Structure formats: structure tokens, C-alpha cells
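Welcome! Below are some exercises, each with a worked solution. Take a look at the sequence and the structure, then work along.

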Amino acid sequence: MKIHEFYILRCIQIAQNGLGTTAPNPMVGAVIVHDNKIIGEGYTCPYGGAHAEVNAINSVLNKNLLLNATIYVTLEPCSHYGKTPPCADLIIKNKIKNVVVGLLDPHEKVAGQGIQKLKDAGCQVTVGVLEKECREHHKRFLTFQEKHRPYIILKWAETTDGFIAPDAHLRTEEKQPFWITNPYSRQLVHQWRAEEQAILVGTNTVLTDNPKLDVRSWTGKNPTRIVLDRSLKIDATYHVLDKSVKTIIFTEILEELKYESEIIYIQIDFTKNIASQICTALYEQNIQSVIIEGGLQTLQTFIAENLWDEARVFKGNSSFKHGVKAPEILGTLKETRNIEKDILNLYYND
């Protein structure tokens with residue numbers, strides 16, 4: 001492995017520490033190397049905090065070493081003022097002459113300007129090291145910037161005979177989920193929720209299961225809840241309207257709504273391209289990633305409009321024989337995992 005690739009891989013590794021906390025900023029990783037030794041590392045703080053380059057430079061004990069050091073970053077250093085000053089300026093200020101970048105930043109306020117600023121200051125800049133790997137790492141940020149929509153993850157669990165829910169008569173009167181997967185798989189789902197900005201379900205899922213859509217089985221921030229409720233059938237007795245978490249309701253009868261704290265109502269036309277309208281609205285809400293957790297009609301809406309990037313499909317160790325059939329999806333199977341007796345298939349929409 002080439003030396004630049006080795007250190008960019010390390011950047012990607014430490015950048016994962018920011019997963020679920022940095023959005024709408026990208027989760028960048030930075031490594032500073034002097035005489036083939038890492039002397040500083042950093043990753044992006046939660047939104048509003050220091051960027052990876054700042055944390056890496058601050059971690060260097062002997063700042064004199066920076067004069068002959070190389071800084072590696074997964075994404076082009078920013079060149080504009082936002083919540084924090086430009087990272088390109090900080091690199092220049094500390095006289096770091098060698099900069100290795102995995103990927104150009106497509107953000108309109110950066111888009112090569114950070115690289116140009118560094119070059120104008122006399123820095124030697126190398127761009128495109130492990131670009132494919134850096135694109136995969138920054139897939140949420142890049143989808144948001146390039147496609148003007150969130151990164152979309154479909155998730156469902158199905159039985160061995162291909163059902164995602166039993167017939168209605170098999171359910172109890174108490175509104176609660178009917179579990180297909182084991183507790184370990186369910187805990188993994190809570191980890192995923194902590195890693196993404198939002199989670200989306202349809203009306204029937206809320207009315208049938210009364211889900212909390214939180215991360216109670218994991219450590220992290222609860223995602224923004226998004227609910228499709230065309231006719232406002234969901235009332236305040238359901239968890240999704242308890243105001244404990246920011247919640248977005250998509251509906252078609254906006255004129256009748258009462259606006260409340262932590263609950264945002266957005267009107268869309270449910271007769272036309274629902275998924276596309278949702279993506280546009282979530283982009284305007286600055287939401288960079290969303291997990292679609294169902295039910296069938298909601299999942300199929302995004303599949304039909306080909307608005308999805310990943311599908312994470314559990315197959316539990318049970319059968320219903322009758323019920324609601326699982327969605328049909330065309331994608332590339334990238335990975336299969338065993339979680340006790342459950343099977344998890346990961347698909348990408350190539």
C-alpha cells in the first residue's frame with residue numbers, strides 16, 4: 001500500500017467517530033504526519049464545533065514540527081466562514097506545506113476554492129487519494145450536495161416466507177410492534193437510528209404499532225421523526241406526537257393545522273410523486289440522511305420512484321404463512337451478515 005493511501009485510510013477510520021453527530025457538516029477525518037510518524041489526529045465535532053483539521057492541529061504538542069509535516073484529510077479543507085473559520089486559512093497560518101486530500105468538496109462555497117487557496121499560499125497539494133473510498137465514506141454529504149436530497153436507507157424485516165406483518169387478526173388490541181427479528185437485530189436498528197438524522201414511517205405503522213422511533217436500546221441522539229399522515233388520523237395519544245423529539249408531519253390539509261413546538265407540518269400533494277416531494281422538503285429542512293422504516297406502502301413509494309440508496313433487509317427465523325408481503329426491490333447485494341439466527345442482507349442501488 002502506498003504511504004498516502006495508508007494515512008487517508010486512517011483519516012477515514014477516525015472520521016467514523018463523528019457518525020450521527022456532524023450533519024449537516026461532513027464527518028471529516030484528518031491526520032498530521034512528520035517523519036513518517038503520526039503526530040496529530042482529529043475528526044469533526046458535532047455541528048457547530050471544530051472541524052477535523054482544527055482538532056488535528058490542536059492535538060500536535062510541538063507545533064514547530066508542523067513546518068515539515070503533511071496533513072491528510074478525507075475532504076477538501078473549507079475556504080469560507082460558517083460556524084467556524086476556514087480550515088484552509090488555519091493550515092496556511094501554521095505553515096503546513098504539504099496537504100493530501102481524498103476528495104474535492106462539492107459544496108458551492110468550497111468546490112475547489114480551498115485547494116486553490118492552499119496552492120496560492122505555496123502549499124503542495126495532492127488530490128484524489130483513495131477517492132472511491134472517500135466518496136463511500138462521505139456518501140450522505142455527497143448525496144445531499146450533488147442530488148439535493150437526503151441519503152435514503154430502506155429498512156424492513158421479513159419472515160422466512162416473505163411477510164413483513166401478520167394478518168390483522170393475529171395482532172392484539174394493544175398497539176405495539178409485532179417482532180420478526182431477535183433482540184440483537186433490534187438493537188442494531190437503534191444503533192442505525194443514532195447514526196442518521198431522521199427516520200420516516202407511514203400512517204398505518206403509527207396507528208398499528210404506536211412506535212417511539214427512538215434509540216432507547218443504544219447511546220446517541222434520537223433522530224428527527226417523519227410521519228406521513230395524509231388526513232391527520234394520528235392524534236396526540238400516539239408517541240410520535242409527544243413533542244419529545246422534533247417531528248415532521250407530511251399532510252395534505254394544512255389549513256386545519258395548529259402549529260406546535262417540536263412539530264412541523266408540511267403540505268404535499270399525495271396524488272403526485274410523494275417520495276420526490278418528501279425529498280425536496282427534507283432537503284429544505286437540511287436533513288442529510290433518513291431511514292425509511294415502513295410500512296409496505298411507504299417503502300414501495302420510494303422504491304417505485306427509485307429514490308433510495310441502501311436497503312437493509314432482515315430475514316427472521318419465523319413464518320406467518322399469511323400477511324403483508326415484503327417489498328420487491330432491485331439492487332446489488334453487497335453483504336450478508338448473520339445475527340444469531342437472523343440474516344441481514346445489505347443492498348445498494350447502483
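A salt bridge is a side-chain nitrogen of Lys or Arg within 4 Å of a carboxyl oxygen of Asp or Glu. The model is predicted: local features need pLDDT of at least 70, side-chain atom pairs count only at pLDDT 80 or more, and totals for chains, interfaces and linings use all residues. Residues are numbered from 1 along each chain as its sequence is written, and side-chain values use heavy atoms, with hydrogens and water left out.

**Exercise 1. Examine the salt bridge between glutamate 293 and lysine 155.**

Step 1. Start with the distance: the side chains of glutamate 293 and lysine 155 meet at 3.8 Å, N to O.

Step 2. Now place the partners. Glutamate 293 is in strand S12 (residues 289-294) and lysine 155 in strand S6, 138 residues apart, and the pair links distant parts of the chain. Helices (H or I, at least four residues) and strands (E, at least two) are DSSP runs, numbered from the N terminus.

Step 3. Check the burial, where buried means under 20% relative accessible area, exposed over 50%, and partly exposed in between (1.4 Å probe, protein chains only). Glutamate 293 has 15% and is buried; lysine 155, with 13%, is buried too.

**Exercise 2. Find out which parts of the chain the salt bridge of aspartate 309 and arginine 149 ties together.**

Step 1. The side chains of aspartate 309 and arginine 149 meet at 2.8 Å, N to O.

Step 2. Aspartate 309 lies in the loop between helix H10 (296-304) and strand S13 (310-315), and arginine 149 in the loop between helix H6 (139-147) and strand S6 (151-158), so the pair ties together parts that are 160 residues apart in sequence.

Step 3. Aspartate 309 counts as buried at 9% relative accessibility, and arginine 149 does so at 8%.

Step 4. For the wider picture, a search of the whole structure finds 16 salt bridges.

**Exercise 3. Describe the surroundings of strand S9 (residues 224-228).**

Step 1. Look at burial: 5 of the 5 residues of S9 are buried, so the strand is largely enclosed by the rest of the structure. Thr224, Ile226 and Leu228 point one way, while Arg225 and Val227 point the other way.

Step 2. Look for partner strands; two strands pair if DSSP finds at least two bridges between them. Strand S8 (residues 198-201) pairs with S9 in the parallel sense over 4 bridges, with alanine 198 opposite threonine 224. Strand S10 (residues 247-251) also runs parallel to S9, joined to S9 by 4 bridges, and here isoleucine 226 stands opposite isoleucine 248.

Step 3. Turn to arginine 225, which is buried with a relative accessible area of 2%. Arginine 225 forms a salt bridge with aspartate 242, the closest N and O atoms being 2.8 Å apart. Aspartate 242 sits in the loop between S9 and S10, 17 residues from arginine 225, and is partly exposed at 39%.

**Exercise 4. Which strands stand at the edges of the open sheet of 5 strands?**

Step 1. Read the order, which is S2-S1-S3-S4-S5, with mixed pairing.

Step 2. Strand S2 (37-43) and strand S5 (124-127) stand at the edges, each with a single partner strand, so one side of each is left without a neighbour in the sheet.

Step 3. Look inside the sheet: strand S3 (residues 70-73) and strand S4 (residues 98-101) pair in the parallel sense over 4 bridges. Tyrosine 72 has valine 100 in S4 as its bridge partner.
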